[in-house]
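Welcome, and please have your viewer ready. We will go from one selection to the next and say what is there at each stop.

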Amino acid sequence: MAKTRTQKEEQIAKLESQIETMKSAVFVDYKGLKVKETEELRKKLAQENVDFNVTKNTLAKKALSEKGIEITPEIFEKPVAIAFAKDDEVTGPKGVNTFAKDHESLEILGGILEGKFIDATMVKKLALLPSREQLYAKVVGSIASPLSGMVNVLSGNLRGLVNVLNSYKETIS
């Protein structure tokens, strides 16, 4: 059933708001995926706060051009779905790439990072980066490691001093 002009305008407005709030986006060719697999992908991405939209290519092109983002025209030669990552630049590409490994019919076509188009190889490289939480954990571990080592060294000196004092006490008694 054809969409009315109002429905199309609402869809474009929704896409524009997602483009404004996104950290990154991934364009995928979903042709060949079953409806159940598409829903599975949508649920997995939603757990990471990533919106997965299947929309008409003409509406997506219009929304992107309204926001000043130029996309390679070859992207829209196939049916395209867009995954918008809201919290972290890596979560969208990582989720889509992980799902694409198990489902060969899902093809990554490209993406958007910092308002600019990136090709599929860059999206896959972005997917290999650790997430923001993993990077925070590494930083905290790097800071905590020397501190815990210093605590161990200082407690070792104190233990040695206590042992010497105990030995001295036993020789006196």
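Which residues lie nearest the centre of the largest pocket? Select Lys-44, Glu-48, Thr-91, Lys-94 and Gly-95, and you have them; they belong to a lining of 20 residues. Keep in mind as you look around that this is a predicted model.

**Stop 1: the pocket**

Stay with this pocket for a moment: about 310 Å³ of space lies in it. Now colour its lining by residue class, and you should find nine charged, seven polar and four nonpolar residues. Next, show the helices α2 (35–47), α4 and α6 (132–172), each of which supplies at least two residues of that lining. Helix α4 gives the most, with six residues.

**Stop 2: from the helix to the sheet**

Select α4 as residues 91–102 and follow this helix to the sheet it packs on. Helix α4 touches β1, β2, β3 and β4 (107–113), and its direction makes about 25° with that of β1.

Now switch to a cartoon view of the sheet itself. Five strands form an open sheet with antiparallel pairing, and reading across you meet β2, β3, β1, β4 and β5 in that order. At the edges are β2 (50–54) and β5 (116–119), each of which pairs on one side only. On average, neighbouring strands of this sheet are turned by 25° against each other, direction ignored.

**Stop 3: two strand pairs**

Zoom in on β1 (residues 24–29) and β3 (residues 80–85): these antiparallel strands are joined by six bridges. A handy place to centre the view is Val-26, which stands opposite Ala-83 in β3.

Then move over to β4 and β5, which pair in the antiparallel sense over four bridges. Here, pick Gly-111 and look across to Ile-118 in β5, which stands opposite. The hairpin of these strands has two residues between them, and Glu-114 takes a positive phi near 55° there.

**Stop 4: the aromatic pair**

How many aromatic pairs does the structure hold? It holds one. Select Phe-27 and Phe-76 and show their rings: the pair is edge-to-face, with 6.1 Å centre to centre and 75° between the planes. Why is this pair worth a look along the chain? Phe-27 lies in strand β1 and Phe-76 in the loop between α3 (57–66) and β3, so the pair ties together parts that are 49 residues apart in sequence.

Note on methods: Residues are numbered from 1 along each chain as its sequence is written. This is a predicted model: local features need pLDDT of at least 70, side-chain atom pairs count only at pLDDT 80 or more; totals for chains, interfaces and linings use all residues. Side-chain values use heavy atoms; hydrogens and water are left out. Two strands pair if DSSP finds at least two bridges between them. Axes are lines fitted to C-alpha atoms, for helices over the stretch in contact, and angles run from 0 to 180 degrees between N-to-C directions. Contact means heavy atoms within 4.5 Å. On a 1 Å grid over the protein atoms alone, a cavity is a set of points where a 1.4 Å probe fits but cannot get out, and a pocket is an open set with protein on both sides within 12 Å along at least five of seven lines; lining residues have an atom within 4 Å of a point. Grid points are joined across faces, edges and corners, and a volume is the space filled by probe spheres set on the points. Ala, Val, Leu, Ile, Met, Phe, Trp, Tyr, Cys and Pro count as nonpolar, Asp, Glu, Lys and Arg as charged, and the others, Gly among them, as polar. Rings of Phe, Tyr and Trp (its six-membered ring) pair if their centres lie within 6.5 Å; planes under 30 degrees apart count as stacked, over 60 as edge-to-face and the rest as tilted.
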